[in-house]
Amino acid sequence: MIVRRLKRLPTSRRRCFSSTARRKEIQDVESLSDRIIPRYKGSPSSDLLSLQWPAPPRNILLVKKDDAPHVTQALIEYAKHIHSNYDNVSLIFEPRVAAQLHKQFTFPIYTSTTHGNLASKVDLTTTLGGDGTILHASSLFSTTLNVPPILSFSMGTLGFLGEWKFTEYKRAFREVYMSGAGTGSPLFQGDQHPHIQTQVETSDMTGWSSVRGKSMGTTRSSKVLLRNRLKVGVFDGEGNRVIGDNTTESAECDVHALNEVIIHRGKETHLAIIEVFVGGRFLTEAVADGMIISTPTGSTAYSLSSGGSIIHPLVSSLLMTPICPRSLSFRPLVLPSNTPITLRLSEKNRGRDLEVSIDGRRRNHGVGVGMEVRVLGEELLSCGEWGGGVPCIMRGTSSGLKEDDGWVGGLNGLLKFNYPFGEE
């Protein structure tokens with residue numbers, strides 16, 4: 001057998017491997033610029049408002065539904081699209097989601113451990129999930145007056161509040177991002193020559209000019225529905241605010257609710273006895289499992305299951321609905337949104353404490369005898385300026401109607417309003 005000696009490779013020659021960009025770690029939102037607050041303009045021809053950005057949004061909060069792998073994959077796709085096509089946009093995630101997904105990206109992402117930081121940094125919120133995801137996103141700003149606009153993709157169970165299908169995410173984000181782009185933007189060149197792409201030097205790209213394609217223009221702004229919220233406070237018998245613990249639901253100021261505030265007997269076996277005051281005047285003594293004070297948005301939630309009316313979200317009102325009242329004559333009431341409502345736990349209560357829930361989040365400490373839950377609707381129009389509430393980006397429809405906010409279609413398609421028996 002002939003033994004052949006293998007030729008030794010030079011020591012200077014090294015095997016080359018393909019390399020990818022180094023993944024970035026999670027950064028704190030405190031390093032981001034302060035948020036941009038948009039304006040909302042009314043129109044005589046529309047009940048909805050027009051979204052007007054003074055400058056392109058820079059800090060985008062992404063909120064997803066939990067325990068849904070297909071939603072997680074959609075979120076990753078959506079985030080990569082924004083990063084690839086929009087300059088100077090920073091993506092913010094909740095801490096747990098950021099820890100889970102940051103290795104999927106080759107660019108830095110941001111997070112915050114306190115809700116207060118988000119309120120001062122987030123320009124726009126995007127939700128991927130159902131109605132519960134929208135409520136959760138709203139709760140992140142429950143102690144602030146100016147909630148960032150919410151662009152919602154329906155990927156949940158019901159999706160009555162969700163406006164967009166995820167397959168439309170490119171169009172949806174672009175419409176929101178470009179809403180209110182000024183007439184001086186170079187993008188208006190695309191309106192005159194839709195088939196010509198004008199090359200712009202990188203050094204000249206500022207604001208909206210860095211985005212190629214057609215501008216929507218000021219007459220094609222995204223439409224916004226300002227959903228009313230409730231201002232909720234808990235007070236003791238002496239009129240002092242009860243803070244309780246350090247959760248959002250027990251804040252040192254009023255907490256805002258998008259759906260409803262509920263006072264209920266919880267694990268107590270006895271009916272609750274609640275004194276109800278409307279506009280500072282005693283109305284009735286409710287003997288029931290509890291009471292619901294809801295917004296028009298919340299009228300299709302727990303209140304509907306308790307026999308309450310359905311109210312259009314553009315109707316500025318509050319809905320007071322008893323939960324399983326002892327008296328058959330105790331019916332739900334619809335009140336003006338600026339009517340203060342007080343629910344006081346009566347001395348006659350056999351159960352000494354009642355639970356308080358705000359948008360489905362239970363307050364760690366309930367209310368005892370003599371304590372009050374004070375509720376008032378949020379004011380949306382002040383000195384001619386629209387603000388407050390939860391601004392929801394509405395989806396344009398192809399129904400051919402000039403005004404179609406999708407509410408009627410939601411009643412028929414999702415809630416099966418007056419659906420005949422025996423029909424498929």
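**A walk through the strands, a crossover and two unusual backbone angles**

Let us start with a pair of strands: β13 (residues 272–278) and β18 (residues 341–345) run antiparallel to each other and are joined by five bridges. To find the pairing on screen, look for Ile274, whose bridge partner in β18 is Leu345. Please keep in mind as we go that this is a predicted model.

The two strands belong to a wider arrangement, an open sheet of six strands in the order β11-β10-β22-β18-β13-β14, with antiparallel pairing. At its edges sit β11 (255–257) and β14 (281–288), each of which pairs on one side only. From one strand to the next, the twist averages 25°. As a reminder while you trace the sheet, strands pair through backbone hydrogen bonds, in either a parallel or an antiparallel way.

It helps to step back for a moment and take in the whole chain. The protein has eight helices and 25 strands. It counts 424 residues, and 49% of them are buried. Among contacts between residues at least 6 apart in sequence, 72% join residues at least 24 apart. The accessible surface comes to about 22400 Å², and carbon and sulfur atoms account for 50% of that surface.

Now move to a parallel pairing. Strand β7 (residues 124–129) runs parallel to β8, and five bridges join the two. Thr125 makes a handy landmark here, since its bridge partner in β8 is Ile150. Between these strands the chain passes through α4, and the resulting β-α-β crossover is right-handed.

How enclosed are the parts of this crossover? In helix α4 (residues 131–139), seven of the nine residues are buried, so the rest of the structure largely encloses the helix. The buried residues are Asp131, Thr133, Ile134, Leu135, Ala137, Ser138 and Ser139. Strand β8 (residues 150–154) gives a similar reading: four of its five residues are buried, so this strand too is largely enclosed by the rest of the structure.

One residue of α4 leads us on to the next stop. His136 is among the contacts of Glu94, a residue found in the loop between β5 (90–93) and α2 (95–101). Is Glu94 buried or exposed? Its relative accessibility is 16%, and because the cut-off for buried is under 20%, Glu94 counts as buried. Setting aside neighbours within four places in sequence, Glu94 touches Leu62, Val63, Thr111, His136 and Leu140. Leu62 is worth a closer look: it lies 32 residues from Glu94 in sequence, yet the C-alpha atoms of the two are 7.8 Å apart in space.

We finish with two backbone angles. Asp359 has a phi near 50°, a positive value in a residue other than glycine. You will find Asp359 in the loop between β19 (353–358) and β20 (361–362). With a relative accessible area of 9%, Asp359 is buried. Asn418 also has a positive phi, near 50°, and is likewise a residue other than glycine. Its place is in the segment after α8 (407–413). Where Asp359 is buried, Asn418 counts as exposed, at 69% relative accessibility.

How values were computed: Residues numbered from 1 in each chain as written. Predicted model: local features only at pLDDT ≥ 70, side-chain atom pairs only at ≥ 80, totals over all residues. Heavy atoms only, no water. Buried < 20%, exposed > 50% of the residue type's maximum accessible area, 1.4 Å probe, protein only. Pairing = 2+ DSSP bridges. Right-handed = clockwise from strand over helix to strand, strands pointing away. Axes fitted to C-alpha atoms, helices over the stretch in contact; angles between N-to-C directions. Contact = heavy atoms within 4.5 Å. Areas by Shrake-Rupley, 256 points an atom, 1.4 Å probe, with all protein chains shown as cover.
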